[in-house]
Amino acid sequence: MAKRVLIRALKRHRHYTYDEAADALGVTVQTVRSWRAQGLPVMTEKRPHLMLGEDLAAFHKRRNKPPNKPAKDRFRCFRCRDNTRPLDGIVFYTSLTPKRGQLEAVCGVCGNPCFRFASEAGLADLSTIFEIVRNGPSQA
Ligand SMILES: [Zn+2]
């Protein structure tokens, strides 16, 4: 995963050269140049090329965000290509190890099965959101 960058160091309305942006964010100039290829807007009409602090901040806000991780009450549904709530709020927990297991739910939108991992310790918290049905070896 890409290194997190401290965007608080940026002044939104200031223009930055590659060198200045690298200094402000504690990365190399090459790294800043690579961001341009990844969609960072850069003013290239004049030299030196400049970027706006606001654009740098927005770029990193997007990048710092974990890749669309579902909220606690949602599952990633690959058919919907979205994070959806389980049908009827019911999820099934299967122990894989004494400490970890897999949660299975039925997508509340399309009915497709959805999975995610969970820790045994986290189940108490999740049981405030879902009705958890244990169907793993722990029940046997
Ligand atoms: Zn779905």
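This briefing walks through the fold of one protein chain, from overall layout to single residues.

The model is predicted. The protein divides into domain 1 (7–64) and domain 2 (75–139), according to its domain assignment. It has 4 helices and 8 strands. With a radius of gyration of 22 Å, well over the 14 Å that the globule rule gives for 140 residues, the protein is more spread out than a compact globule.

**Overall layout**

- The order of elements along the sequence is β-α-α-β-α-β-β-β-β-β-α-β.
- Along the principal axes, the C-alpha atoms fill a box of roughly 70 × 30 × 20 Å.
- The centres of domain 1 and domain 2 are 40 Å apart, taken over C-alpha atoms.
- Of the 140 residues in the protein, 17% are buried.
- Take the contacts between residues at least 6 apart in sequence: 47% of them join residues at least 24 apart.

**The stretch around Lys-69**

- Domain 1 ends at residue 64 and domain 2 begins at residue 75 in the domain assignment.
- Lys-69 sits in the loop between helix H3 (53–64) and strand S3 (75–77).
- Is Lys-69 buried or exposed? Lys-69 counts as exposed because it has 11 C-beta neighbours inside 10 Å, and a residue with 12 or fewer is classed that way.
- Asn-83 is 14 residues from Lys-69 along the chain, and their C-alpha atoms are separated by 8.2 Å.

**The open sheet**

- An open sheet is built from 4 strands, in the order S7-S6-S5-S8.
- Its pairing is mixed.
- Which strands stand at the edges? They are strand S7 (113–119) and strand S8 (131–134).
- Each of these edge strands has a single partner strand, so one side of each lacks a neighbour in the sheet.
- From one strand to the next, the twist averages 30°.
- Strand S5 (residues 86–95) and S8 run parallel, joined by 4 bridges.
- Tyr-93 has Arg-134, in S8, as its bridge partner.

**A cis peptide bond**

- The peptide bond between Arg-47 and Pro-48 is cis, with omega about -5°.
- Where does Pro-48 lie? Pro-48 is in the loop between helix H2 (29–37) and strand S2 (51–52).

**Positive phi outside glycine**

- Arg-81 is a residue other than glycine with a positive phi, near 55°.
- The loop between S3 and strand S4 (82–84) holds Arg-81.
- Arg-81 counts as exposed because 9 C-beta neighbours fall inside 10 Å.
- Asp-88, also a residue other than glycine, has a positive phi near 60°.
- Asp-88 belongs to strand S5, which pairs with S8 in the sheet.
- How many other C-beta atoms lie within 10 Å of Asp-88? There are 11, so Asp-88 is exposed.

**In brief**

- Domain 1 and domain 2 have centres 40 Å apart, and the chain is more spread out than a compact globule.
- The sheet runs S7-S6-S5-S8, with S7 and S8 at its edges.
- Residues to look for in the structure include Pro-48, after the cis bond, and Arg-81 and Asp-88, each with a positive phi.

Notes. Residues are numbered from 1 along each chain as its sequence is written. This is a predicted model: local features need pLDDT of at least 70, side-chain atom pairs count only at pLDDT 80 or more; totals for chains, interfaces and linings use all residues. Domain bounds come from an automatic or database domain assignment. Helices (H or I, at least four residues) and strands (E, at least two) are DSSP runs, numbered from the N terminus. A residue is buried if 20 or more other C-beta atoms lie within 10 Å of its own, exposed if 12 or fewer, and partly exposed in between; C-beta atoms are placed from the backbone. The radius of gyration is taken over C-alpha atoms; the globule rule is 2.2 Å times the number of residues to the power 0.38. Two residues are in contact if their C-beta atoms, placed from the backbone, lie within 7 Å. Two strands pair if DSSP finds at least two bridges between them. Axes are lines fitted to C-alpha atoms, for helices over the stretch in contact, and angles run from 0 to 180 degrees between N-to-C directions.
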